[in-house]
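Please load the model in your viewer and keep the selection panel at hand. The stops below are meant to be followed in order, each with a selection to make and a note on what is there.

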Amino acid sequence: MLYTAIDYETEYGNNLSVTTSGSRNYANELSKTQIYMLSGYNPAMGTIAGPPEEFPWTKDMVLVAHNMSFDWAMLYRTVELGMAPEWVLDLPTFCTADMCVYNYISRSLNLAVKAVFNQELDKGMRNYMKGKSWQDAIDQGKDKDLLQYAKDDSYWCFKLFEALQPHFPEHEARISEHTRHMAWRGVPFDKDLAEQKYSDLSHKRFELLSCLKWTERRDEKYRQNY
């Protein structure tokens, strides 16, 4: 097995964000050009970063990412867009963020690396890229810095995996993977039925309120009697 750390870099901004949309919906909104970089590291190939469609996938890889729910959503989206072979979705996965939490370490990559290795990671490039594209980084002379930032993330993700895997039981790894798949599938939801029931509740509330006995004392705030 070839344990390989991966890290996607994608466009984001005020109206395009994992925070507001969740990993799956966010991924579905992205075009090919907006998923502009994939970095990776394993001891055999070293550290690489470049267009996702050029990543050297192999079938013996075990994928490692810090917050795998995000990177797996990106992986799924790149398969949909024809930027990666479909079989990569069958590769085993590990999440170093979950490993960190299990071992009482911060889920944040830079804070985890600081705690385990006493190494500072600069996340300034991530903040700089808000609302910008890969072409913006090139035009503003930040492309090399961005490439190095991405390489650092995948390298230190791998180092965390090396350090923490012995302290992460197999059953916890499977629970981590299982809950990610549950979140990906989501909860079955009948929107039409929910709206109907909500309307029914509104009518029922009105009927119940009309049955209540009101006092003669008036509540000026709500402009009705108590």
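The tour goes from the whole chain to the sheet, then to the cores, and ends with the salt bridges.

**Stop 1: the whole chain**

Begin with a cartoon of everything, bearing in mind that this is a predicted model. The secondary structure of the protein chain comes to nine helices and seven strands. Its radius of gyration is 24 Å, well over the 17 Å that the globule rule gives for 226 residues, so the chain is more spread out than a compact globule. If you align the view with the principal axes, the C-alpha atoms fill a box of roughly 80 × 45 × 40 Å. Colouring by burial picks out 38% of the 226 residues as buried. Among the contacts with a separation of 6 or more, 68% are between residues 24 or more positions apart.

**Stop 2: the five-stranded sheet**

Next, select the strands β1 to β5, which form an open sheet in the order β3-β2-β1-β4-β5, with mixed pairing. The edge positions belong to β3 (46–50) and β5 (93–95), each of which has a single partner strand, so one side of each is left without a neighbour in the sheet. Viewed across the sheet, neighbouring strands are turned by 25° against each other on average, with direction ignored.

Now walk through the pairings one at a time.

- Select β1 and β2, which run antiparallel and are joined by six bridges; here E9 stands opposite M37 in β2.
- Move on to β2 and β3, an antiparallel pair with five bridges, in which L38 has G50 of β3 as its bridge partner. The connection between β2 and β3 is a hairpin of three residues.
- Turn then to β1 and β4, which pair in the parallel sense over four bridges, and look for T4, whose bridge partner in β4 is L63.

Before leaving the sheet, show β2 alone against a surface of the remainder: eight of its eight residues are buried, so β2 is largely enclosed by the rest of the structure. Then add helix α7 (residues 143–164), which lies across β1, β2, β3, β4 and β5 and runs at about 40° to β2.

**Stop 3: the nonpolar cores**

Which residues touch the most other members of the largest nonpolar core? Select Y8, W57, L63, M74 and L75, which hold that position among the 28 residues of this core. To see where the core draws its members from, highlight β1 (2–10), α1 (18–29), β2 (35–42), β4 (61–65) and α2 (68–80), each of which supplies at least two residues. The greatest contribution comes from α2, with seven residues.

Centre the view on L63, already met as the bridge partner of T4. Setting aside neighbours within four places in sequence, L63 is in contact with T4, I6, W57, M68, L75, V88, L91, P92, T93 and F94. A second, separate core has 20 residues, including Y41, C100, A112 and F158.

**Stop 4: salt bridges**

Switch to side-chain sticks for the charged residues; a search of the whole structure finds nine salt bridges, and the pairs below are included among them.

Start in helix α2, where R77 and E80 lie three residues apart, about one turn of the helix. Their side chains meet in a salt bridge, at 3.1 Å from N to O. Is R77 buried or exposed? With a relative accessible area of 15%, R77 is buried, whereas E80 is partly exposed at 43%.

Select E120 and K114 next: they form a salt bridge whose closest N and O atoms are 3.1 Å apart. E120 is exposed, with a relative accessible area of 56%, and K114 counts as partly exposed at 33%.

The next pair to select is D153 and K123, whose side chains meet in a salt bridge at 3.2 Å, N to O. This pair links distant parts of the chain, since D153 is in helix α7 and K123 is in the loop between α4 (109–117) and α5 (124–128), 30 residues apart. D153 counts as buried at 7% relative accessibility, while K123, at 23%, counts as partly exposed.

Finally, select E170, R174 and E177, which are joined into one network by salt bridges that share partners.

Technical notes: Residues numbered from 1 in each chain as written. Predicted model: local features only at pLDDT ≥ 70, side-chain atom pairs only at ≥ 80, totals over all residues. Heavy atoms only, no water. Core = buried A, V, L, I, M, F, W, Y, C linked by side-chain atoms within 4.5 Å. Buried < 20%, exposed > 50% of the residue type's maximum accessible area, 1.4 Å probe, protein only. Contact = heavy atoms within 4.5 Å. Pairing = 2+ DSSP bridges. Axes fitted to C-alpha atoms, helices over the stretch in contact; angles between N-to-C directions. Salt bridge = Lys/Arg side-chain N within 4 Å of Asp/Glu carboxyl O. Rg over C-alpha atoms; globule rule 2.2 N^0.38 Å.
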